[in-house]
Amino acid sequence: RARFEDEESMTANRRTRAAALLLLPLLFVVAITSIGRYLHIFAAFDFFAGAGGDGPTTSRYHPSAGEQATPSPAPTKAKRKSKTTALPSKPKSRAVGEGHYDDDDVKSRQLPKLKLAWLMSFPNSGTSYTSKLIRTITNASTATNYGASTRDRYGCSRPIVPEFEGTGPFWQSNTYQYLGGGGGNDGEYLLTKTHCGGYCNGCGPSQYFETAQSFADACSTGKKSTRCRRYSNGTDTSKAKADKEDKRFEIVRYDGTTMVERAVHLIRNPFSNVVSRFHLKAKELDSRRRDKKNDDSQKRHFDCNEDGFRKWCKHIDASFVEEESILTAFSSRKDLLRRIPCHADFVRYLLWHHYAERTQANLMLPTLVLHYEDYFTGFNKTTADLMAFLNIEQMKNEPELFESGKTYRDYFTTTEKRAVKELARSISTNETWGRIERYFSSY
């Protein structure tokens with residue numbers, strides 16, 4: 001009997017060891033997944049120590065709109081290869097379905113080469129106004145990475161040349177699909193909207209922390225419509241293909257390192273920027289609330305006023321306490337962040353502008369720093385600087401005078417504004433701080 005019990009015990013031990021061995025691979029996968037989830041987060045905050053985790057900040061040309069700029073010497077780096085792509089001549093009349101061009105919706109002309117200038121902006125910084133301004137001045141189009149939101153009447157995204165059908169960028173206007181043709185033999189630069197990465201609204205650190213490389217990749221990434229009802233076989237159907245019914249867009253990407261030659265870095269007052277993003281989010285939540293498909297957890301409502309903003313901040317600041325607590329960058333500034341409503345959006349704002357500057361430096365892009373408020377304080381000078389930077393020689397239409405939007409600095413107390421300034425100064429590189437310092441000079 002004793003021997004029998006020993007054998008039973010040994011058998012049980014073997015089973016336990018076997019089970020443990022089977023569980024080891026699963027535990028290993030879980031551990032690696034958890035580590036991978038936060039690895040890029042820690043990398044994103046390397047520069048918080050003050051060393052600038054991506055190396056020294058050096059850029060070739062960073063004038064601010066409305067200011068006299070002196071180009072700084074270019075860093076010693078291999079010359080960037082420029083990809084020259086001719087825009088198409090106006091096509092002959094063709095049947096709908098033989099391509100994305102027909103006589104009704106296309107006006108195109110031959111240009112020497114295609115040169116992109118990124119319009120880099122944190123959302124709600126005046127991107128739409130700047131793009132519309134250039135379209136008005138030139139009587140021509142601008143471009144965007146986000147073709148899914150600028151579709152033609154067939155639901156199709158319109159690539160700036162047919163070869164970019166699967167990558168973008170895309171035309172931003174339904175009326176014009178060509179450049180103005182100015183700029184002499186060199187041609188003008190095609191202003192191309194991009195928000196890059198790390199700008200999500202109402203999300204946690206794992207969703208908005210980027211590395212220098214992932215941010216730069218996101219700058220040339222966009223969306224293409226999958227609801228196009230015009231196909232290569234010449235058919236024009238009333239509905240999208242069945243295999244695309246569950247998806248409105250697909251992610252596409254082009255080679256920004258060869259196609260992009262300049263950048264316009266658009267910056268807005270952080271206090272107004274954060275409140276404007278709240279207004280956009282509140283409207284989005286109201287839209288979800290009216291959608292009967294959404295459950296009650298998606299049916300929150302926040303009024304678009306100071307009281308609604310405060311309620312939203314209280315809600316969102318409490319939503320990611322646990323995720324933020326494991327990060328030194330947050331835990332070491334816990335008392336400071338408590339004094340800032342919607343503190344995560346200010347962190348996103350600062351990170352975004354840091355990585356925008358890093359991308360411009362790493363790609364050696366001549367950059368025009370344009371502050372949204374400059375349209376109000378010096379419209380003519382700012383417009384002239386923007387035209388010169390994009391190599392636009394002729395103003396074909398007089399632009400409408402800029403009407404300043406609302407400012408929302410009064411949503412914040414002086415103590416809160418000073419706390420944001422302290423946060424900005426502590427985590428910004430000298431280059432980034434130089435671009436946003438004007439917004440904190442009174443505090």
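A salt bridge is a side-chain nitrogen of Lys or Arg within 4 Å of a carboxyl oxygen of Asp or Glu. The legends below describe close-up views of a predicted model.

**View 1. Lys381 and Asp385 form a salt bridge in helix H13**. The N to O distance between the two side chains is 3.3 Å. Helix H13 covers residues 379-389, and because Lys381 and Asp385 are four residues apart in this helix, about one helical turn separates them. Lys381 is partly exposed, with a relative accessible area of 42%, whereas Asp385 is buried at 16%. Elsewhere, Arg277, Asp345 and Arg348 are joined into one network by salt bridges that share partners.

**View 2. Asp307 and Lys311 form a salt bridge in helix H7**. Their closest N and O atoms are 3.4 Å apart. Both residues belong to helix H7 (residues 306-319) and are four residues apart, about one turn of the helix. Asp307 is partly exposed, with a relative accessibility of 44%; Lys311 is also partly exposed, at 49%.

**View 3. Strand S5 pairs with strand S6**. Strand S5 spans residues 221-225, and four of its five residues are buried. Five bridges connect S5 to S6 (residues 249-253), and the two strands run antiparallel. Lys224 has Glu250 in S6 as its bridge partner.

**View 4. Lys224 forms a salt bridge with Glu165**. The closest N and O atoms of this pair are 3.7 Å apart. The pair links distant parts of the chain, 59 residues apart: Lys224 is in strand S5, and Glu165 is in the loop between strand S2 (143-144) and strand S3 (170-171). Lys224 is buried, with a relative accessible area of 16%, while Glu165 is partly exposed at 23%.

**View 5. Phe209 and Phe330 form an aromatic pair**. The structure has 22 aromatic pairs. In this one the ring centres are 6.2 Å apart and the planes are at 10°, so the pair is stacked. Phe209 lies in the loop between helix H3 (205-208) and helix H4 (212-219) and Phe330 in helix H9 (residues 328-331), so the pair ties together parts that are 121 residues apart in sequence. Both Phe209 and Phe330 are buried.

**View 6. Helix H14 has its buried residues on one face**. The buried residues are Glu416, Lys417, Ala419, Val420, Leu423, Ala424 and Ile427. Seen down the axis of H14, they fall within an arc of 160°, so they line one face of the helix.

Methods. Residues are numbered from 1 along each chain as its sequence is written. This is a predicted model: local features need pLDDT of at least 70, side-chain atom pairs count only at pLDDT 80 or more; totals for chains, interfaces and linings use all residues. Side-chain values use heavy atoms; hydrogens and water are left out. Buried means under 20% relative accessible area, exposed over 50%, partly exposed in between (1.4 Å probe, protein chains only). The arc is that of the directions from the helix axis to the C-beta atoms. Two strands pair if DSSP finds at least two bridges between them. Rings of Phe, Tyr and Trp (its six-membered ring) pair if their centres lie within 6.5 Å; planes under 30 degrees apart count as stacked, over 60 as edge-to-face and the rest as tilted.
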